[in-house]
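Thanks for asking me to look this one over. Here are my notes, point by point, for reading beside the model.

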Amino acid sequence: MKISKNIMSYCKNCNKHTNNTVKNYNKKPQRGLSLGTRRHNRAIKGYVGSIEPKIHPKKLGKKQKVMLECQTCHKASERVFGMRTKKKIEVSR
Ligand SMILES: [Zn+2]
C-alpha cells in the first residue's frame, strides 16, 4: 500500500478537516504499572487460581496503522488503513 506524505483528514482538536503529515507507527513499550500488567503478574504468581491458556485462531497479517500529525495544531492521532494484510505501508514523497 502506498500513501502520500500529506493528506487531508479530520482533526479532533481543530474540529474540522486539516492538512496532516503521515508518519510510520512505532509501537511504544508497555507501561509496567498499568492495571492490566499488574493483574497479569498477580495471576502468574498464583493468587487467582489456575490460568488456562487461551487458544486464539491464527490471524493472517496485521492492520496497518499510521500516525497523522495536524499541521495547524501539531496534535498526533492514529489511523488504520484497510483490512488485515501482510503488505506494509509505504509513505511516498
Ligand atoms: Zn488540528
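1. Let me start with the contacts. Among contacts in the chain between residues at least 6 apart in sequence, 59% link residues at least 24 apart. Two residues count as in contact here if their C-beta atoms, placed from the backbone, lie within 7 Å. One pair from the two ends of the numbering is R93 and S4, which are 89 residues apart in sequence and 6.4 Å apart in space, C-alpha to C-alpha.

2. A word on what you are looking at. This is a predicted model, in which local features need pLDDT of at least 70 and side-chain atom pairs count only at pLDDT 80 or more, while totals for chains, interfaces and linings use all residues. Residues are numbered from 1 along each chain as its sequence is written. The predictor's confidence in each residue is its pLDDT, on a scale from 0 to 100. The chain averages 88, and 100% of the residues score at least 70. Among the elements, β3 has the highest mean, 94, and strand β6 (residues 90-92) the lowest, 85.

3. Now the layout. The chain has one helix and six strands, and from the N terminus on they run β-β-β-α-β-β-β. The chain is more spread out than a compact globule, because its radius of gyration is 19 Å, well over the 12 Å that the globule rule gives for 93 residues. That radius is taken over C-alpha atoms, and the rule is 2.2 Å times the number of residues to the power 0.38. Helices (H or I, at least four residues) and strands (E, at least two) are DSSP runs, numbered from the N terminus. Along its principal axes, the C-alpha trace spans about 50 × 30 × 20 Å.

4. How much of the chain is buried? Of the 93 residues, 4% count as buried. The label needs 20 or more other C-beta atoms within 10 Å of the residue's own; exposed means 12 or fewer, partly exposed lies in between, and C-beta atoms are placed from the backbone. Helix α1 (residues 35-45) is hardly covered, with a count of zero buried residues among its eleven. After α1 comes G46, whose phi is positive, near 110 degrees.

5. The sheet deserves a close look. Four strands form an open sheet in the order β2-β3-β4-β5, and the pairing is antiparallel. β2 (6-11) and β5 stand at the edges with a single partner strand each, so one side of each is left without a neighbour in the sheet. The twist averages 45 degrees from one strand to the next; axes are lines fitted to C-alpha atoms, for helices over the stretch in contact, and angles run from 0 to 180 degrees between N-to-C directions. Two strands pair if DSSP finds at least two bridges between them.

6. Which residues face each other across the strands? Strand β3 (residues 16-24) and strand β4 (residues 62-70) run antiparallel and are joined by five bridges, with N24 opposite V66 in β4. β4 also pairs with strand β5 (residues 76-85), in the antiparallel sense, over seven bridges. L68 has S77 in β5 as its bridge partner, and K62 stands opposite T85 in β5.

7. β4 and β5 form a hairpin with five residues between them. In that turn sits H74, with a phi near 60 degrees, a positive value in a residue other than glycine. H74 counts as exposed because it has 9 C-beta neighbours inside 10 Å.

8. Where else does a positive phi turn up? N15, in the loop between β2 and β3, has a phi near 60 degrees and is a residue other than glycine. With 8 C-beta neighbours inside 10 Å, N15 counts as exposed.

9. Two last residues to find in the viewer are N26 and R93. N26 has its place in the loop between β3 and α1, and is exposed, with 7 other C-beta atoms within 10 Å. N26 and R84 are 58 residues apart in sequence and 18 Å apart in space, C-alpha to C-alpha. R93 lies in the segment after β6; with 5 C-beta neighbours inside 10 Å, R93 counts as exposed.
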